[in-house]
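This report describes the surroundings of a bound ligand and a link between two cysteines. Please keep the sequence and the structure in view while reading.

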Amino acid sequence: MMMTILRRALLGAAVAIPAMPALAQNWPERPITMIIPFAPGGPTDLVGRMIAEAMGRDLGQNVLVQNVGGAGGTTGANRVAQAAPDGQTILLHNIGISTAPTLYRRLPYDTLTAFETIGLVTATPMVWLARPGLPVQNFAEMVRFVRERGDAVNLANAGLGSASHLCGTLFQASLGVRVTTVSYTGSGPIYPELMADRLDIYCDQTTSATPFVTSGRVRGLAVTTAQPLPALPNVPTAGQAGMPGFEIAIWHGIYAPRGTPAPVVARLNQALRAALADPRVVTRMNDLGSPPEPVERQDPAVHRAHLAAEIERWRPILQAAGQFAD
Ligand code: MLT
């Protein structure tokens, strides 16, 4: 009798162990939530929704976007850091995930141990923008305007540590000037203020800025790339406009809570790769001046190494700027 029970238990166990990989085969069995740590309508939201839809097609379950803005993206990141490690909650975040460890000295999670890295997505150029009524004709005049007026100039950003904040911090540091910064939960709420001449300048990613520039609703003054961008043919590079070396691209990656099972991480990475190889996604991303990352950078280990290197790269620059969130 005892032997029968034991044999049955062992048999049961034997079945269970092979079933673990089956987790990945049956997973996901319900829609997944992708947290975007900025407001709707901005560059992270735009890229996130595109990738979420395509990943959902590959996974056979919807990937639903939820915007959790605030504190330069750390509120949304923390939501995922605290989530169950079952793959049902993932995060799309930008370079801000690597600046937050320096700027937020009381960050509620440890960036390098709170997340599984799923893969890098894209690196998006930025463009300097001005309100329609700002009395400047080009980037060089905007720089002079900022030098002359200092904190009378207001510069928007998407919160301390966000990509737009980083661009503004590098700009002020390279000019040796401090302006007045005005923070929002993302680019989305910033454009109405810019178009209404209530904000002076903003540095945003080309993915969300391009339609506003090409339609003339805001003015594009300079792009932060070495070469001009086909999507913004009439906008010079910052280098051409008198600020050589002012180049910055905003990298984006996908994350899951630490402890998410390896087969699930592998399945999420597979879906990300499928999304970034999808011709509709590739065309759209290219049109927005932000092509998918090369295949070799879509690797979780490459992503993790990049994250660690970026935290170290920005630490001294941000410490020198001396702007901390807490
Ligand atoms: C957004 O809305 O996605 C933000 O503007 C991104 C950022 O500046 O980090």
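A polar contact is a pair of N or O atoms within 3.5 Å. The model discussed here is predicted, and every distance below is a computed value.

**The ligand and its polar partners**

Which residues come nearest to the ligand? Of the 13 residues around the ligand, the nearest are Thr44, Asn94, Ala163, Ser164 and Ser187. Three side chains place a polar atom by an oxygen atom of the ligand, as the table shows.

| Residue | Distance from a polar side-chain atom to an oxygen atom of the ligand |
|---|---|
| Ser187 | 2.7 Å |
| Ser164 | 2.8 Å |
| Tyr202 | 3.5 Å |

On its own, the ligand has 260 Å² of accessible area, and the protein covers 100% of this area. The largest cavity is the space that the ligand takes.

**The shell around the ligand**

Which elements give two or more residues to the shell around the ligand? They are α2 (43-59), α6 (163-175) and β7 (201-205). By residue type, the shell consists of 5 nonpolar residues and 8 polar residues, with no charged residue.

**The disulfide**

How many disulfides does a search of the whole structure find? The search finds 1 disulfide. Cys167 and Cys203 form this bond, and their sulfur atoms are 2.2 Å apart. A pair of cysteine sulfur atoms counts as a disulfide within 2.5 Å. The disulfide is right-handed because the torsion about the S-S bond of Cys167 and Cys203 is about 75°.

What does the pair tie together? Cys167 belongs to helix α6 and Cys203 to strand β7, so the disulfide connects parts that lie 36 residues apart in sequence. Both α6 and β7 are also among the elements that give two or more residues to the shell around the ligand.

Terms used. Residues are numbered from 1 along each chain as its sequence is written. This is a predicted model: local features need pLDDT of at least 70, side-chain atom pairs count only at pLDDT 80 or more; totals for chains, interfaces and linings use all residues. Side-chain values use heavy atoms; hydrogens and water are left out. A residue is near a molecule or strand if one of its heavy atoms lies within 4 Å of it. A polar contact is a pair of N or O atoms within 3.5 Å; within protein, one must be able to donate a hydrogen and the other to accept it, and residues adjacent in sequence count only if both atoms are side-chain atoms. Accessible areas come from the Shrake-Rupley method with a 1.4 Å probe; for residues, only the protein chains shown count as cover. On a 1 Å grid over the protein atoms alone, a cavity is a set of points where a 1.4 Å probe fits but cannot get out, and a pocket is an open set with protein on both sides within 12 Å along at least five of seven lines; lining residues have an atom within 4 Å of a point. A molecule sits in a cavity or pocket if more than half of its atoms lie within 2 Å of its grid points. Helices (H or I, at least four residues) and strands (E, at least two) are DSSP runs, numbered from the N terminus. Ala, Val, Leu, Ile, Met, Phe, Trp, Tyr, Cys and Pro count as nonpolar, Asp, Glu, Lys and Arg as charged, and the others, Gly among them, as polar.
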